Amino acid sequence: MKQVLDGNEAAATAAKLARVKVVSAYPITPQTTIVEKLAEFIANGELDAEYIKVESEHSALSACIGAAATDVRTFTATSSQGLMLMSEILFVASGLRLPIVMTNVNRSLSAPLSIWCDQQDSMAVRDSGWVQLYCENNQEILDTTLQAFRVAEELLLPVMVCFDGYILSHTAEPIEIPEQAEVDKFLPVYKFPNPLDPEKPVTMGPLGVPEYYEEFRYMLQEAMHASKEKLVEVDKEFKKRFGRYYGLIERYRSDDADVILLTMGSLSSSAKEVVDTYRKRGEKVGLVKVRSFRPFPVKELIGALGQAKAVAVLEKDISLGSAGGLFLDAAASFINVKPAPLMLNFICGLAGRDVSPLQIKEAVRAAAKAAETGKVRRAVRWLGLREKVVGLKV
Amino acid sequence: MSLKPGAIITEPGSSVRYETGSWRTFRPVIDANKCTGCGLCWLYCPDAAVGKGKPPEIDYRYCKGCGICANECPFKAISMVAEERE
């Protein structure tokens with residue numbers, strides 16, 4: 001059945017289809033309509049779940065931790081400052097290996113205060129032991145959220161499904177809604193090993209003395225590595241059942257490309273348009289989209305980018321004092337690997353600033369020049385920056 | 001023993017599993033000639049590592065060398081001897 005849904009409705013619909021038993025969340029723009037929609041589903045009887053009202057995001061995720069530990073499927077959603085307030089508990093959720101699924105609607109961070117989209121929020125918690133998947137459109141949001149529960153529950157890892165605020169969250173598209181019976185077959189009833197149960201007491205969250213802590217971190221890292229294969233496996237099964245497949249990365253006209261754009265999230269769609277205009281002129285420009293940022297698809301990117309002359313990494317985040325997070329990981333993938341493409345980083349679209357085809361073309365031109373000369377003059381640049389107002393000479 | 005994901009412990013805590021003897025830097029040694037078998041060392045040992053008897057046996061897997069027994073012994077029958085690496 002097709003329905004016209006915005007990104008937030010797609011996420012809420014996926015949580016409903018997954019028959020989540022506990023939702024705990026705190027309203028924050030632009031995520032709010034997800035949990036409003038879920039509250040509505042629960043109130044009108046469409047979803048049999050407990051909605052736990054809390055006083056903050058810190059409590060929202062804490063409530064999800066408690067719920068997930070008692071053996072029920074759990075969901076929450078947040079954005080930006082909310083994710084920051086959760087950050088302490090993010091590490092607890094992954095450390096306890098609780099398979100919570102959370103939507104993060106990407107929004108920039110204060111200060112200055114902004115409600116608009118960029119990916120600085122989820123990028124800031126990339127080291128928290130959560131699987132991070134980035135979606136390009138609303139269909140992908142619904143499908144990825146369903147897949148997220150499978151991956152989370154089979155590997156005991158929390159999964160964060162990220163998508164761009166407003167650009168997807170508040171923009172409606174026709175999307176295919178799978179039948180409940182089919183989703184039930186895809187997502188079996190949640191079963192947590194050794195749940196909290198008064199009849200059979202367990203200890204959760206004990207002290208990790210120096211003799212033990214390192215092993216638990218290693219096990220978490222191994223589970224994150226294993227999630228790569230699991231994501232592919234679940235994706236393939238999803239395709240058999242529902243006909244759609246996404247992959248850890250997507251290669252768009254990139255196989256023979258000299259210059260490749262590397263993107264994440266909704267920016268990929270605009271960049272694909274730009275790739276098409278170059279291809280029409282016979283220029284070998286392609287795009288690779290990263291869907292799974294954690295685990296990071298190192299092998300897949302070496303395969304997809306290795307033959308290119310130059311790669312332009314466009315991203316809506318910056319690790320201040322260094323470079324963009326996607327760029328850093330992509331560049332690190334090629335350590336000890338030859339041939340390796342030249343890499344350029346373009347910081348763009350912060351706090352909802354539009355990334356226009358003209359700007360993307362500027363990145364392509366810079367990468368093409370690097371490919372031609374074999375030199376990169378400046379690795380990290382800003383697209384769409386108003387140079388004069390920050391005192392730069394143009 | 002293999003660790004469970006998330007550090008979940010599925011059995012109640014047990015000091016039997018935790019061999020505190022590895023902490024020891026001084027080892028209590030009992031002089032059988034002075035020991036009267038009064039049992040005060042057995043009573044005071046916080047790890048139940050001292051048995052009853054004359055002289056009592058000490059379970060060095062759990063004796064962490066705190067020296068309480070030597071301090072309490074009214075007959076000065078217990079001396080603390082430094083552990084030496086072989």
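**Helix packing and local backbone features of chain A, with its contact to chain B**

Ser270(A) is found in helix α9 of chain A, which runs over residues 267-280. It makes a convenient way into this structure, which is a predicted model. The surroundings of Ser270(A) hold 19 C-beta neighbours inside 10 Å, and because a residue needs 20 or more to be buried, Ser270(A) counts as partly exposed. Leaving aside residues up to four places away in sequence, Ser270(A) touches Val355(A), Pro357(A) and Ile360(A). With Ile360(A), the separation along the chain is 90 residues, while the C-alpha to C-alpha distance is 8.4 Å.

Two of these partners, Pro357(A) and Ile360(A), also take part in the meeting of α9(A) with α12(A). Helix α12 of chain A covers residues 357-373, and its axis comes within 10 Å of that of α9(A), the two crossing at roughly 65°. The crossing of this pair is right-handed. On the α9(A) side the residues involved are Ser270(A), Ala271(A), Glu273(A), Val274(A) and Tyr278(A), and they meet Pro357(A), Ile360(A), Lys361(A) and Val364(A) of α12(A). By character, the residues of this contact divide into six nonpolar, one polar and two charged.

It helps to step back to the chain as a whole. Chain A contains twelve helices and 15 strands. Its radius of gyration is 21 Å, close to the 21 Å that the globule rule gives for 394 residues, so chain A is as compact as a globular protein of that length. Computed along its principal axes, the C-alpha trace of chain A spans about 70 × 55 × 45 Å. Of the 394 residues, 50% count as buried. The contact between Ser270(A) and Ile360(A) has plenty of company in its sequence range: among contacts in chain A between residues at least 6 apart in sequence, 80% join residues at least 24 apart.

A second helix pair lies in the N-terminal part of the numbering. Helix α1 of chain A (residues 7-17) packs against helix α2 of chain A (residues 32-43) at an angle of about 40°, and their axes are 8 Å apart. That angle makes α1(A) oblique to α2(A). As with α9(A) and α12(A), the crossing of α1(A) and α2(A) is right-handed. From α1(A), the contact draws on Asn8(A), Glu9(A), Ala11(A), Ala12(A), Ala15(A) and Lys16(A), and from α2(A) on Thr33(A), Ile34(A), Lys37(A), Leu38(A) and Phe41(A). These residues divide into six nonpolar, two polar and three charged.

How many of the residues of α1(A) are buried? The count is eleven of its eleven residues, and α1(A) is thus described as mostly covered. The buried set includes the charged residues Glu9(A) and Lys16(A), both of which belong to the contact with α2(A). Also buried are Gly7(A), Ala10(A), Thr13(A), Ala14(A) and Leu17(A), among others. After the helix comes Arg19(A), whose phi is positive, near 50°.

Positive phi values also appear in two loop residues of chain A other than glycine. Tyr166(A) has a phi near 65° and sits in the loop between β7 (159-164) and β8 (172-176). Asn194(A) has a phi near 55° and lies in the loop between α7 (180-186) and α8 (213-242). Are these residues buried, exposed or partly exposed? Tyr166(A) has 19 C-beta neighbours inside 10 Å and counts as partly exposed. Asn194(A), with 17 such neighbours, likewise counts as partly exposed.Cis peptide bonds occur in both chains. In chain A, such a bond joins Ala111(A) and Pro112(A), with omega about 0°. Pro112(A) belongs to the loop between β5 (101-106) and α5 (120-124) of chain A. In chain B, the peptide bond from Lys54(B) to Pro55(B) is cis, with omega near -5°. Pro55(B) is placed in the loop between α1 (40-44) and α2 (68-72) of chain B.

Finally, the two chains meet one another. Seven residues of chain B are in contact with 13 residues of chain A. On the chain B side, the touching residues divide into five nonpolar, two polar and no charged.

Key
Residues numbered from 1 in each chain as written. Chains lettered and ligands numbered in written order. Predicted model: local features only at pLDDT ≥ 70, side-chain atom pairs only at ≥ 80, totals over all residues. Helix = DSSP H or I, 4+ residues; strand = E, 2+ residues; numbered from the N terminus. Rg over C-alpha atoms; globule rule 2.2 N^0.38 Å. Buried ≥ 20, exposed ≤ 12 C-beta atoms within 10 Å, placed from the backbone. Contact = placed C-beta atoms within 7 Å. Axes fitted to C-alpha atoms, helices over the stretch in contact; angles between N-to-C directions. Parallel < 35°, antiparallel > 145°, perpendicular 65-115°, else oblique. Left-handed = near helix turned anticlockwise from the far one by under 90°.
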